[in-house]
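Thanks for coming, everyone. Let me put the model up and walk you through it.

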Amino acid sequence: MAATTSTSSITTLHKNAHKTNFPSSRNPPFKRTNLHLSFRVTPTFKSCSATKFNEVVIDEEVERIKRLQNGSDVRGVAVEGEKGRTVDLTPPAVEAIAESFGEWVIDGIKMELGQLKEEVRISLGRDPRISGASLSVAVFSGLKRAGCLVFDMGLATTPACFMSTLLSPFVYDASIMMTASHLPYTRNGLKFFTPKGGLRSTEVEEICDRAARKYANRLAKVSATVDAGAVTRVDFMSTYAKQLRDIIKERVNHPQHFDAPLTGFKIIVNAGNGSGGFFTWDVLDKLGADTFGSLNLEPDGMFPNHIPNPEDKIAMSLTRKAVLENSADLGIVFDTDVDRSGVVDNSGNAINGDRLIALMSAIVMKEHPGTTIVTDARTSMALTQFITQRGGHHCLYRVGYRNVIDKGIQLNKDGVEAHLMMETSGHGALKENHFLDDGAYMVVKIIIEMVRMKLAGSKEGIGSLIKELEDPAEAIELRMNISSEPRFAKQRGIEAIETFRNYIEEGRLKGWELDSCGDCWVSEGCLVDSNDTPAAIDANMYRAKVWDEEHGQHGWIHIRQSIHNPNIAVNMQSSIHGGCQSMAKTLLEKFLLASNMDKILDINQIDNARATEIPIEFATAGTFHGEIHNTLGWDAKYEEMQITLTVRCLSGSKFCRNLL
């Protein structure tokens with residue numbers, strides 16, 4: 001067959017590939033003779049034993065679906081509105097992914113039971129995003145194609161979706177949550193659960209691979225409607241909320257009012273217009289709490305007030321203001337799908353990141369002395385000290401909440417008690433709660449401790465449990481975009497990170513040493529498990545300890561490949577002022593420039609971070625501000641009501657060289 005020039009290639013598989021009898025509701029596979037394309041192609045032939053039918057594979061379309069994988073989730077742009085981003089999480093793509101998940105569940109049940117199950121039941125929940133309704137139809141259609149019974153939970157939370165596989169009388173075989181967490185309204189995604197927990201990244205990769213072939217072969221739009229009776233609407237959130245109420249009542253065991261143990265407590269909830277409003281009226285109010293002053297409880301898929309994210313400064317600031325204005329005992333901030341949370345204590349102190357991990361560690365170590373706390377490798381040296389001083393053990397592991405949770409599961413299997421696994425983003429899982437990252441359950445634990453403290457006669461707020469935790473002097477996160485086509489970005493990122501490792505091991509970065517990251521079976525800077533069952537690597541990363549002769553070990557740097565975007569994230573923390581600037585300078589001059597990594601990485605943020613700061617006094621701030629906008633190569637910042645300015649001199653600036 002003569003070859004022709006093409007921007008796409010098509011491969012037709014041999015007719016002797018494995019075949020499967022499809023239900024009559026499925027579209028028959030396409031034949032080459034029926035395929036009409038407006039561009040010229042180069043046909044090539046190959047056999048694939050894993051294929052169930054004759055396939056036509058369009059490489060570009062296959063890659064498009066594979067790129068929707070986001071670690072253990074699927075995420076993409078669902079509606080127009082982002083500059084430079086096109087919609088890629090389309091109804092046809094979602095239908096193919098849902099169908100592939102349904103088939104994956106059916107295959108797993110068949111393997112476990114040794115036979116087909118008569119009915120495979122899968123639930124779907126979603127957050128209030130504006131794309132939820134149309135994409136739900138696509139999920140329903142895909143699951144139906146796979147031969148599953150579908151149950152629509154409507155507005156729900158991610159933890160509730162998992163619990164729907166466990167709580168009677170529901171006990172679904174699997175569940176899907178449609179959410180993109182704290183990302184903008186334009187995004188959406190899918191999270192997958194079985195009764196064993198959330199899927200791992202390798203399992204989601206398998207599903208997306210299967211979906212990519214379906215999507216490329218089908219070349220047809222998703223069904224606009226679902227047959228009547230194909231989807232059953234259920235109210236699971238009421239059952240889930242009741243379980244949370246019962247846990248609080250039973251564990252507080254209030255001597256005066258068992259059924260209303262939160263009587264006399266003022267609690268503010270900021271749901272960020274996501275799915276977390278239920279916690280106010282279905283949990284707190286019914287337990288007697290005063291929730292007047294709560295914020296953004298009504299679901300709104302445009303998220304008009306702020307990003308629903310406990311890491312968001314606006315979200316925490318608004319919650320702090322409400323706590324102080326209402327003299328509340330506690331403020332709660334949920335992310336969109338309530339698998340993460342943060343709190344504000346009665347003094348208005350924000351508790352998230354390391355502080356939230358410390359608070360949960362203090363609570364858990366009271367119940368389980370000597371337990372191991374598993375976190376990602378971006379936590380501070382002070383947190384390690386906080387945990388170990390209280391008799392606990394700190395295991396630092398790979399970034400990624402699924403990695404952290406799976407490490408805790410592995411430790412428990414190996415006989416090491418690990419009751420808490422938390423990532424600095426706020427994802428936290430407890431052994432007692434099925435190793436599920438549940439923001440509402442975390443808050444339940446905090447509320448129970450708060451009530452117990454008051455019953456014991458304490459007049460201090462929940463923040464008193466972490467008053468001894470020291471914050472790092474400096475902490476920054478920077479990004480280096482990878483200059484590459486999306487399909488090559490992952491390999492370029494691996495190349496850069498492995499070169500970083502080699503530079504440290506060869507002693508080219510003085511005072512930098514790869515960190516073994518804690519007292520568990522982890523080596524080589526949070527990358528390699530040296531136990532008998534090492535976990536698959538979803539993104540390459542290393543952490544290095546940083547020393548100097550004057551201060552000893554004063555900080556660390558963590559460099560990792562993003563699983564979300566084509567970039568490399570760099571985290572730095574230091575216990576001394578100027579430490580992060582010094583590390584950025586070394587990273588830039590001794591590694592990025594010396595190794596020529598600046599040819600494939602955007603180093604602007606690193607360059608800015610190593611800038612020198614010089615205080616300068618001017619009689620009139622306004623006059624100087626005018627010069628800022630007319631001077632190239634440097635910038636400046638100043639605080640209101642002060643005349644002293646700080647000039648940050650960027651590399652290559654003649655003006656700043658003269659100042660120095």
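I'll start with the whole chain, then go through the cores, a few strands and helices, and some single residues.

First, a caution. This is a predicted model. Keep that in mind throughout.

The chain has 660 residues, and 54% of them count as buried. It holds 17 helices and 30 strands. How do the contacts divide by sequence separation? Take pairs at least 6 apart in sequence: 70% of those contacts join residues at least 24 apart.

Now the cores. The largest nonpolar core has 72 residues. Ile267, Phe279, Ile332 and Ile447 have the most contacts inside it. Which helix gives the most to this core? Helix 12, residues 439–455, with eleven residues. The core also draws on two domains, with at least three residues from each: domain 1, 53–234, and domain 2, 238–465. There is a second, separate core of 40 residues. Val74, Val94, Val120 and Val139 are among its members. As background, nonpolar side chains in soluble globular proteins tend to be buried together.

Back to Ile267 for a moment. Leaving out residues up to four places away in sequence, its contacts include Leu284, Leu330, Ile332, Ile447 and Met450. Polar residues are on the list too, including Asp290, Thr291 and Ser294.

That takes us to strand 13, residues 330–334. Five of its five residues are buried. Leu330, Ile332 and Phe334 lie on one side, Gly331 and Val333 on the other. In a regular strand, side chains alternate between the two faces of the sheet. Here both faces are covered.

What are the partners of strand 13? On one hand, strand 12, residues 267–270, runs parallel to it, with four bridges. Val269 in that pairing stands opposite Ile332. On the other hand, strand 14, residues 341–345, runs antiparallel to strand 13, with five bridges. There, Val333 stands opposite Gly342. Strands 13 and 14 form a hairpin with six residues between the strands. Within that hairpin, Val338 takes a positive phi near 65°.

Next, strand 16, residues 372–376. Again, five of five residues are buried. Thr372, Val374 and Asp376 point one way. Ile373 and Thr375 point the other way. Strand 17, residues 393–397, runs parallel to strand 16, and five bridges join the two. Asp376 stands opposite Tyr397.

On to helices. Helix 6 covers residues 237–252, so that is 16 residues. Its first and last C-alpha atoms are 23 Å apart, close to the 22 Å expected at 1.5 Å a residue. Its buried residues include Met237, Tyr240, Ala241, Leu244, Ile248 and Val252. Arg245 and Lys249 are buried as well. An α-helix has 3.6 residues a turn, so residues three or four places apart point the same way. What covers the buried residues of helix 6? The list includes strand 7, helix 4, helix 7 and helix 12. Right after helix 6 comes Asn253, with a positive phi near 50°.

Helix 3 is residues 132–146. Is it enclosed or open? Eleven of its 15 residues are buried, so the rest of the structure largely encloses it. Among those buried are Leu135, Val139, Phe140, Leu143 and Arg145. Its length checks out: the 15 residues should span 21 Å at 1.5 Å a residue, and the end C-alpha atoms are 21 Å apart. Just after helix 3, Gly147 takes a positive phi of about 95°.

Now a polar residue in strand 9, residues 187–194: Asn188. Why does Asn188 count as buried? Because its relative accessibility is 0%, and the cut-off for buried is under 20%. Its side chain makes a polar contact of 2.8 Å with the side chain of Ser131. The Asn188 side chain also reaches the backbone nitrogen of Thr179, at 3.4 Å. Its wider contacts include Gly132 and Leu135, two of the buried residues of helix 3. Val74 is on the Asn188 contact list too, and Val74 belongs to the second core.

Last, a contrast. Lys313 is found in helix 8, residues 313–325. At 74% relative accessibility, Lys313 counts as exposed. Its C-alpha lies 9.5 Å from that of Ala350, 37 residues apart along the chain.

That's the tour. Questions, please.

Note on methods:
Residues numbered from 1 in each chain as written. Predicted model: local features only at pLDDT ≥ 70, side-chain atom pairs only at ≥ 80, totals over all residues. Heavy atoms only, no water. Core = buried A, V, L, I, M, F, W, Y, C linked by side-chain atoms within 4.5 Å. Buried < 20%, exposed > 50% of the residue type's maximum accessible area, 1.4 Å probe, protein only. Domains from an automatic or database assignment. Contact = heavy atoms within 4.5 Å. Expected span 1.5 Å × (residues − 1). Polar contact = N/O pair within 3.5 Å; in protein donor to acceptor, adjacent residues only side chain to side chain. Pairing = 2+ DSSP bridges.
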